[in-house]
Amino acid sequence: MKKVAVIGAGLAGSEAAYRLAKEGIKVDLYEMRPKKMTPAHRTDRFAEIVCSNSFGSFEIGTGSGLLKEEMKLLGSLVIKVAEEFKVPAGAALAVDREKFSKRITEILEGHPNINVIREEVKRIPEDYEYIIIATGPLTSEELSKEIEKLTGSEHLYFYDAIAPTVDAETVDFSKGFWGDRYGKGSGDYFNCVLTEEEYEIFYNELIRGEQVPLKDFEKAVYFEGCLPVEEIARRGKETLLYGPMKPVGLVDPRTGKRPFAVVQLRKENREGTLLSLVGFQTKLKYPEQKRIFRLIPALRNATFVRLGSIHRNTFIQSQKVLLPTLQLKKKPNILFAGQITGVEGYAASSATGILAGLNVSRMLQGLNPVVPPKTTMLGGLINYITTPKEELQPMNPNFALLPPLDKKIKDKRRRKEEKAKRALSDMKKWLDELHTVPV
Ligand SMILES: Cc1cc2nc3c(=O)[nH]c(=O)nc-3n(C[C@H](O)[C@H](O)[C@H](O)COP(=O)(O)OP(=O)(O)OC[C@H]3O[C@@H](n4cnc5c(N)ncnc54)[C@H](O)[C@@H]3O)c2cc1C
């Protein structure tokens, strides 16, 4: 029996293979490029970054900055090489993409414990003790079918239709009311109320909002019946009032009347710190989303922790099929890492690759697999993707994922800094307890 196969040498697969190899474990690293390309990759290199050359902010008062700091503690290859080839970009970690992925490819191809196999994996191999699947948002079709068999077809999604999510602390709850339609359920929805005049202004801006153009390989999404909210609006002034903004079954307890229109916010996590706009998947450009959705009175000062989008993205419903250790519940010798687990973006995808590599390495040494504390950004993300909920929509690193502090701090910036301090201290303590020496 061979030891480990890592499938996909993208960001997550590169981290996982590196971690294992550094710990003395033999790895077969499968990558289908250049024999078979994805619709977004352009080269045969590992850890190719397909769009922006930025890994996001490096300030630890931002979700992605904190995550990168934690990744350094975890010995991340991606962050190490990104810093080597960084280019000036203000507070963001941006890289020379060519040199970045060339260097990662050289490191992995040159490692004596890594055997690179340039092949598309079409069947999940059975002759390995452990397998890490890290084939990303554009996993090839044949392998997707195999993953469907593993997880059940209802647990593999092929595109995101993401509605924006706001930080609950920034919603003006005086501009609406909590309550489910027809009084059913346990009052988990907050209804942002709009008067006829407010609706008119909102509607007129929405239909004029600037959209992100669709890439060819994304067009299919529309045929799957997933319409952006602005498209629904363009079909007529009333359509939203019979769709995502319908007020039926709702009575505003402040007036005793049915509101003219509502935008419902739904809790995205158990703690209710994240609220998403129900039915508001959108292709509007990011600045347009903020401008237009802030016309909803309850969201006038809202902080958007994630903006809406619709795009091709293969990802599993981790909250149903994965353990927090990233192992498949049904077959714990198979782990998933990267964007396919429901995390979003370069840094978060890479970080889950480190955890998958670490856990496989531990299991091969007869140790139990582990999960970082929920107070860390990586632990918060893992907690988010694996906590039971009806539907998982991909998530990027943000502070609303972390539990509240023991003491109340009013100032938003200071609150984030305190959470970041706690996260880094907890990550260090956790690593000390694991006796993990960063590689
Ligand atoms: C069009 C587009 C634009 C994006 N823009 C951004 C952005 O600006 N910023 C950002 O942070 N994130 C962006 N993302 C998301 C980002 O690409 C992912 O978060 C990140 O690359 C995920 O890392 P990963 O390792 O999970 O997957 P990937 O980096 O995609 O790696 C997966 C690897 O698996 C290989 N593979 C797939 N199937 C098989 C198979 N059957 N056998 C063998 N190999 C296989 C692929 O060739 C690829 O190398 C974008 C994604 C897309 C599709």
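The domain bounds I will use come from an automatic or database domain assignment, and for this chain that assignment gives domain 1, covering 2–161 + 311–434, and domain 2, covering 165–307. Taken over C-alpha atoms, the centres of domain 1 and domain 2 are separated by 31 Å. Please keep in mind throughout that what we have on the screen is a predicted model.

Let me stay with the two domains for a moment. Where they meet, 11 residues of domain 1 are in contact with 13 residues of domain 2. On the side of domain 1 that touches domain 2, the elements giving two or more residues are β8 and β15, and by class that side has six nonpolar, four polar and one charged residues.

Those two strands come up again when we turn to helix α5, which spans residues 141–151 and in which Leu-143, Ile-147 and Thr-151 are buried. Why do these residues lie on the same side of α5? They do so because they cover an arc of only 70° around the axis. On the other side of α5, Glu-141 and Lys-149 are exposed. The buried residues of the helix pack against β7 (128–133), β8 (156–162), β15 (309–316) and α11 (318–321), so that β8 and β15, which I named at the domain contact, also appear among the packing partners of α5. After the helix comes Gly-152, whose phi is positive, near 90°.

From β7, one of the elements that α5 packs against, we can move into the strands. Strand β1, residues 2–7, pairs with β7 in the parallel sense over five bridges, and here Lys-2 stands opposite Tyr-128 of β7. Strand β7 also pairs with β16, residues 334–336, again in the parallel sense, over three bridges, with Leu-335 in β16 as the bridge partner of Ile-132.

Elsewhere in the chain there is antiparallel pairing, centred for our purposes on β5, residues 92–95, which two bridges join to β3, residues 54–57. In that pair, Ser-54 stands opposite Ala-94 of β5. Strand β4, residues 86–87, pairs with β5 in the antiparallel sense as well, over two bridges, and Lys-86 stands opposite Val-95. The hairpin of β4 and β5 has four residues between the strands, and within this hairpin Gly-90 takes a positive phi near 60°.

Another glycine to look at is Gly-63, which is placed in helix α2, residues 63–73. Is Gly-63 buried or exposed? With 29 other C-beta atoms within 10 Å, Gly-63 is buried. Leaving aside residues up to four places away in sequence, Gly-63 touches Met-377, Asn-396, Pro-397, Asn-398 and Phe-399. Gly-63 and Gly-380 are 317 residues apart in sequence, yet their C-alpha atoms are 11 Å apart in space.

I will finish with the ligand, which is surrounded by 33 residues, the closest being Gly-8, Gly-10, Cys-51, Gly-136 and Gly-338. The elements giving two or more residues to this shell are α1 (11–22) and α12 (346–364), and the largest share, three residues, comes from α1. By class, the shell around the ligand has 16 nonpolar, 14 polar and three charged residues.

How values were computed:
Residues are numbered from 1 along each chain as its sequence is written. This is a predicted model: local features need pLDDT of at least 70, side-chain atom pairs count only at pLDDT 80 or more; totals for chains, interfaces and linings use all residues. A residue is near a molecule or strand if its C-beta atom, placed from the backbone, lies within 6 Å of it. Ala, Val, Leu, Ile, Met, Phe, Trp, Tyr, Cys and Pro count as nonpolar, Asp, Glu, Lys and Arg as charged, and the others, Gly among them, as polar. A residue is buried if 20 or more other C-beta atoms lie within 10 Å of its own, exposed if 12 or fewer, and partly exposed in between; C-beta atoms are placed from the backbone. The arc is that of the directions from the helix axis to the C-beta atoms. Two residues are in contact if their C-beta atoms, placed from the backbone, lie within 7 Å. Two strands pair if DSSP finds at least two bridges between them.
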